[in-house]
Amino acid sequence: MMVKQYLNDLVSLFFPQTCAGCDVPLAYGEQLICTACWFHLPYTYAHLDSENASARQFWGRVKLEAAASYLYFKEASRVQQIIYHFKYKSRPELGLILGERYGELLKESPPFNRADVIVPVPLHPAKLRKRGYNQSALFAEGLCRAMQIPVAALCLARVKATRSQTQVNRYARHENMLEAFEIRDPEIIGGKHVLLADDVLTTGATIEACASVLLDAGAAKVSAVTIAKAL
Ligand SMILES: [Zn+2]
C-alpha cells in the first residue's frame, strides 16, 4: 500500500469524511458523495429532450443551440447541500466530479458532444479572490475530462459585479447584465460551437447575457449546461 493511501485511510479512520449531500460518513472507496446520494439524486435527463424546461427558459430571449441541467435543485434537498458545500465550504473537487459524471452522459448526446470549446461563466475578480476558485470553471474542467473538449477559461471575463437588481425594470436589468461580460479572446470562439457551463440555472439572466456576448463576438453557436436547475 502506498504510504499516502495509508495515511489517508488513517486520517479518515479518526476524522471520517462525510457525504456532501446527506452528511453520513463516507464508506471505504466513496469520495465526496455517497452511493445512496448518487442513486437518489433528482436527475433531469434533460439532455435527451431538446424542449426541456431549461431550454424553454431561453426561448425568445437568446438563441441557444441546446440547453440542459444535470439535476433539479430544491430547497432543503441533497442537491442544495451539495451546491452549498461546493460554493461556500471550499470543496472545489465537487465541481470536478459532477462535471465528469455529467460529461459521461453528454459525450453521447448531440448537439452537446459536438461543441468545439467549453467556456465557464466567469466570476468577478473580487468574488474569485474571496472564494478562491470559480465553481463554474471546475465544473467545466470536469466536463472537459469526460468529453475531451477543451476549456477556454479566460476567454470570457466578468468586468462588472452585478448586484441584486430587483429595483430596476427588466430592460435595464438586461442591459446591466450585458455590460457585465466581455470577450477577452475572440479568436478562440470565432466560428465555433461554444458550450457554456454554469452552476445553477435560476432566472437565466447570466447565461442569456454570456450567450449574447459570445454570439456578438463571432461564436457560431452557443449551447449551455448547468449542474442544477432551480424549481
Ligand atoms: Zn449522501
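## From the whole fold to aspartate 198

Of the 231 residues that make up this protein, 46% count as buried, a figure that, like every other one given here, is computed from a predicted model. The secondary structure amounts to 10 helices and 6 strands. With a radius of gyration of 18 Å, close to the 17 Å that the globule rule gives for 231 residues, the protein is as compact as a globular protein of that length. Its C-alpha trace spans about 55 × 40 × 30 Å along the principal axes, and the accessible surface comes to about 12,400 Å², with 54% of that area belonging to carbon and sulfur atoms.

The contacts show how parts of the chain that are separated in sequence meet in the model: among those between residues at least 6 apart in sequence, 76% join residues at least 24 apart.

From this overall view the reader may turn to a single residue, aspartate 198, which lies in strand β5, the stretch formed by residues 193-201. Which residues does aspartate 198 touch, once those up to four places away in sequence are not counted? They are Val121, Ser136, Phe139, Thr206, Ile207, Val225, Thr226 and Ile227. With one of these, serine 136, there is a polar contact, made between the side chain of aspartate 198 and the side chain of the serine at 2.9 Å.

What is the nearest side chain of opposite charge to aspartate 198, and how far away is it? It is that of arginine 158, 6.9 Å away, and aspartate 198, although buried, has no salt bridge. A salt bridge here requires the charged atoms to be within 4 Å.

Notes. Residues numbered from 1 in each chain as written. Predicted model: local features only at pLDDT ≥ 70, side-chain atom pairs only at ≥ 80, totals over all residues. Heavy atoms only, no water. Helix = DSSP H or I, 4+ residues; strand = E, 2+ residues; numbered from the N terminus. Buried < 20%, exposed > 50% of the residue type's maximum accessible area, 1.4 Å probe, protein only. Lys, Arg positive; Asp, Glu negative; His and termini not counted. Polar contact = N/O pair within 3.5 Å; in protein donor to acceptor, adjacent residues only side chain to side chain. Contact = heavy atoms within 4.5 Å. Rg over C-alpha atoms; globule rule 2.2 N^0.38 Å. Areas by Shrake-Rupley, 256 points an atom, 1.4 Å probe, with all protein chains shown as cover.
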